[in-house]
Amino acid sequence: MTIINSNIREIKKTNKKEDSFLDFNSITGGDIRHDWSLKEVKEILDLPLMDLLWRAQIIHRSYNPGYKVQLASLLSVKTGGCSEDCSYCPQSAHNETKVEPVPALQVKSVLDRAKAAKESGADRFCMGWAWREIKDGKAFDSMLEMVKGVRELGLEACVTAGMITDSQAFRLAEAGLTAYNHNLDTSPEHYSKIISTRTYQDRLETLRRVRMAGITVCCGGIIGMGESISDRASLLKVLATLDPHPESVPINALVAVQGTPMEDLSSIDPLEMVRMVATARIIMPKSRIRLSAGRKQLGREAQILCLQSGADSIFYGDTLLTTGNPEVDADRKLLADAGMKVNFCQE
Ligand code: SF4
């Protein structure tokens, strides 16, 4: 907070007329907060864009001097055939998409991909299983081996595989898992329009189990699924009132896939993504805000605005589960053009 407050003092000295606009404490409460109200979050999300960007950037520069960006690589270990009915997801067995269920990848093949991801510059390797929940047995034992292997390569390891039990969470922690991803997807109010096979409370319970096991939490959501601005604020409010905040917050834009109930939804305006990222940065100053699905549709300029106003991680190269992601060279060029530094620190 010292750096932030000295920045604010400096700016106030040079522009007295802007005092109320520059009142940092009125934006953040002066410290990391977990008591955000929906009204407060909505007011931030609704700010005139220039004001929102400016405020977010003060916080972003203070908590992340040098604009370092973590590169994460994402691999689908078990693709398709999921019993959940998430209406945005091409992997749901309830949706008639071109994604066919395929057997899970073997440990060696996953570790080869992790090694390749490391060689191309990633320092976090995320592995996805299209499951409702983890079941004990051979597949879970393989997951544990993959986690150990990824950690031995010197990479952070993240898993997304649905709901887990306490004992599974502890076994994953023992294997060295850095983070478990379990998104809330949308607001509690909009949730029933998106998924019916698992409740919001189930999701919060999974997050609690992950936290109790000492694994860091990766949790975010998706915009562009027919939700209101108030729903977006409500999702961010739920995330920002978790104590501690999720260490990692992926912000996704819907990629409308043919064969899902959302196939006809139009793409969001890229500036809406910028607003979500900037607001997340303001209310969760220390979390890693990840540009995730839908990044390809944003265009370079909007991606750079997101990186400027709060995003500090991208999913890099390869494939983002089953939707395309820009190629490695294009990502390197984007970061170089924006003058961003790649961060190899461990969480
Ligand atoms: S739980 Fe995951 S893989 Fe399964 S349908 Fe939902 S988003 Fe898709």
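In this predicted model, the largest nonpolar core holds 92 residues, and within that core V159 and V277 are the residues with the most contacts. Among the elements that build this core, helix α10, which spans residues 270-283, gives the most, contributing eight residues. If we set aside the neighbours of V159 within four places in sequence, the residues in contact with V159 are M127, M143, V147, L172, L177 and Y180.

These contacts give us a way into the strands. V159 lies within the residue range of strand β3, residues 156-160, and its contact M127 belongs to strand β2, residues 124-129. Strands β2 and β3 run parallel and are joined by five bridges, and in one of these pairings G128 has T160 of β3 as its bridge partner. On its way from β2 to β3 the chain passes through helix α6, residues 138-152, and these three elements together make a right-handed β-α-β unit.

Strand β2 also pairs with strand β1, residues 68-78, again in the parallel sense, and here the pairing extends over six bridges. A reader who wishes to find this pairing in the structure can look for A72, which stands opposite R124 of β2. Here too a helix takes part, since β1, helix α5 (residues 107-119) and β2 make a right-handed β-α-β unit.

How enclosed is strand β2 by the rest of the structure? Six of its six residues are buried, so β2 is largely enclosed by the rest of the structure. In a regular strand the side chains alternate between the two faces of the sheet, and it is therefore useful to consider each face in turn. On one side of β2 are R124, C126 and G128, on the other are F125, M127 and W129, and as all of these are buried, both faces of the strand are covered.

We can now step back to the whole protein, which contains 13 helices and 10 strands. Of its 347 residues, 46% count as buried. When we consider the contacts with a separation of 6 or more, residues that are 24 or more positions apart account for 79% of them.

Finally, we come to the ligand, which is surrounded by C82, E84, C86, C89, Q91, S92, A130 and G162. Sorted by class, the shell that these residues form around the ligand has four nonpolar, three polar and one charged residues.

Definitions and conventions:
Residues are numbered from 1 along each chain as its sequence is written. This is a predicted model: local features need pLDDT of at least 70, side-chain atom pairs count only at pLDDT 80 or more; totals for chains, interfaces and linings use all residues. A residue is near a molecule or strand if its C-beta atom, placed from the backbone, lies within 6 Å of it. Ala, Val, Leu, Ile, Met, Phe, Trp, Tyr, Cys and Pro count as nonpolar, Asp, Glu, Lys and Arg as charged, and the others, Gly among them, as polar. Helices (H or I, at least four residues) and strands (E, at least two) are DSSP runs, numbered from the N terminus. A residue is buried if 20 or more other C-beta atoms lie within 10 Å of its own, exposed if 12 or fewer, and partly exposed in between; C-beta atoms are placed from the backbone. Two residues are in contact if their C-beta atoms, placed from the backbone, lie within 7 Å. Two strands pair if DSSP finds at least two bridges between them. A crossover is right-handed if, with the strands pointing away from the viewer, the path from the first strand over the helix to the second runs clockwise. A nonpolar core is a set of buried Ala, Val, Leu, Ile, Met, Phe, Trp, Tyr and Cys residues joined through C-beta atoms within 7 Å.
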